[in-house]
Amino acid sequence: MKNLTILGSTGSIGVSTLQIVAAFPEDYRVVALTAGNNIALLAEQVIKFRPKLVAVVSEQGAEQLAKRLKGVDVEILCGVEGLIRCAVHADSDMVVAAIVGAAGLVPTLAAIKAGKDIALANKETLVTAGSLVMDEVAQRDVTMIPVDSEHSAIFQSLAGQRGEDVRRIILTASGGPFRQHSLQQLESVTPADALAHPNWSMGNKISIDSATMMNKGLEVIEACWLFNLPAEQVAVHIHPESIIHSMVEYRDGAVMAQLGIPDMKTPIAYALSWPRRLPLDQQPLDLCRAGKLTFAEPDLERFPCLRLAYQAFAAGGTVPAVMNAANEIAVEAFLSGKLGFLAIPRLIEQVVARHQREELVAIDKVLQADLWGRQEARKLIREGVA
Ligand code: NAD
Ligand code: MG
């Protein structure tokens with residue numbers, strides 16, 4: 001029996017995680033859940049999974065939740081302190097980090113410092129504070145298993161191999177809904193177009209990131225930290241079928257890949273059950289029906305976010321946190337119709353160019369850079385600069 005805390009239980013990853021918990025009640029029990037604004041769904045989850053502790057972002061949300069949960073034996077907390085209490089709960093063996101954005105960093109880091117094993121979906125934790133986070137993981141001897149499908153594929157393709165034998169890893173990318181759009185067509189795409197991902201069903205922020213390919217940029221940085229590789233050893237291939245989830249190339253020329261249908265339940269379940277595999281009720285991969293698997297180089301002219309991410313990682317220090325913060329604000333502005341699709345990378349580039357890089361000596365530096373990046377991005381949007 002493994003006891004779980006799920007940070008971000010009402011999101012796409014959180015809901016899929018709870019489906020796995022429900023399917024394997026002998027193996028998993030929920031100790032704590034956290035959510036942002038979706039109080040109605042959180043209340044349903046509490047009634048079904050009976051955690052000891054829940055936390056929501058706002059005090060108002062906590063009051064609404066308490067009303068819905070009258071008579072239910074659960075402690076309700078709010079704010080970052082509440083999220084942290086869930087992350088470090090004494091009974092929890094593993095924390096599923098599934099909050100979206102840099103908001104996931106502080107609670108995830110608290111869980112690591114408390115020695116909890118981590119199932120990591122929140123890639124922004126490593127993008128913004130990779131060096132600090134990986135230092136803590138090593139010091140506390142924490143097992144951190146990736147949930148992101150590409151990183152799960154790499155993790156599986158590295159099993160039983162020696163690190164020094166790796167020549168490079170190849171992250172696959174679907175290319176998103178606009179893979180074949182011209183620059184001119186990209187100029188006028190709408191949030192609804194961008195949210196319609198061809199292969200994966202995901203939260204709004206990561207869906208827009210997939211459309212701009214910032215998601216792949218964030219994943220390159222995530223991979224560098226997780227697998228301790230320089231960015232030169234992390235390549236990206238466009239693979240529209242999303243069947244090969246990523247690959248590792250070894251120095252003898254051998255390439256190991258992990259394949260499957262595009263469904264996050266497989267990598268989530270693997271992160272929960274590693275090194276075992278759960279008997280999931282998944283549709284089998286039918287390669288004969290899939291027919292062709294195709295690959296192409298990414299186009300950095302139409303999708304500059306991928307280039308921006310490589311550059312930010314090379315610059316290091318506070319730069320990736322600023323890039324991430326600017327991206328979060330740009331995505332929000334695009335979704336609310338305040339920014340065009342191609343203005344997303346323009347805005348990020350301008351915010352990063354104005355930033356005075358600092359070393360990541362402590363987590364405070366990350367939080368300051370994050371805040372600065374958000375403020376600067378909002379200011380440039382107001383001024384109509386991007
Ligand atoms: P989502 O938007 O569906 O859910 C996010 C969750 O975080 C929700 O429970 C929400 O209430 C909570 N939340 C949002 N803002 C918060 C805040 N400020 N404080 C506390 N909680 C907050 O997101 P998702 O698609 O499930 O993605 C979650 C993470 O997993 C992201 O980092 C994403 O990049 C990563 N990921 C997602 C997928 C996917 O298929 N959805 C795949 C790979 C990686
Ligand atoms: Mg991914």
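## Magnesium site, ligand 1 and cavities

Asp148 (OD), Glu150 (OE) and Glu219 (OE) are the protein donors of the magnesium ion (ligand 2), lying 2.1 Å from it. Donors here are N, O and S atoms within 2.8 Å of the metal (3.2 Å for Na, K and Ca), and sites may look incomplete because water is not among the atoms. This is a predicted model, in which local features need pLDDT of at least 70, side-chain atom pairs count only at pLDDT 80 or more, and totals for chains, interfaces and linings use all residues. Residues are numbered from 1 along each chain as its sequence is written, chains are lettered from A and ligands numbered from 1 in the order written, and side-chain values use heavy atoms, with hydrogens and water left out.

The spacing of the magnesium donor residues in sequence is D-x1-E-x68-E. Asp148 and Glu150 are both buried (under 20% relative accessible area, 1.4 Å probe, protein chains only).

Ligand 1 is surrounded by 23 residues, the closest being Thr10, Ser12, Gly36, Glu124 and Gly203; a residue counts if one of its heavy atoms lies within 4 Å. This shell divides into twelve nonpolar, eight polar and three charged residues. The table gives distances from a backbone N or O atom to an oxygen atom of ligand 1.

| Residue | Distance to ligand 1 oxygen |
|---|---|
| Ser12 | 2.9 Å |
| Gly36 | 2.7 Å |
| Gly203 | 2.9 Å |

Of the 830 Å² of accessible area that ligand 1 has on its own, the protein covers 85% (Shrake-Rupley method, 1.4 Å probe).

Definitions and conventions: Buried < 20%, exposed > 50% of the residue type's maximum accessible area, 1.4 Å probe, protein only. Polar contact = N/O pair within 3.5 Å; in protein donor to acceptor, adjacent residues only side chain to side chain. Nonpolar A, V, L, I, M, F, W, Y, C, P; charged D, E, K, R; others polar.
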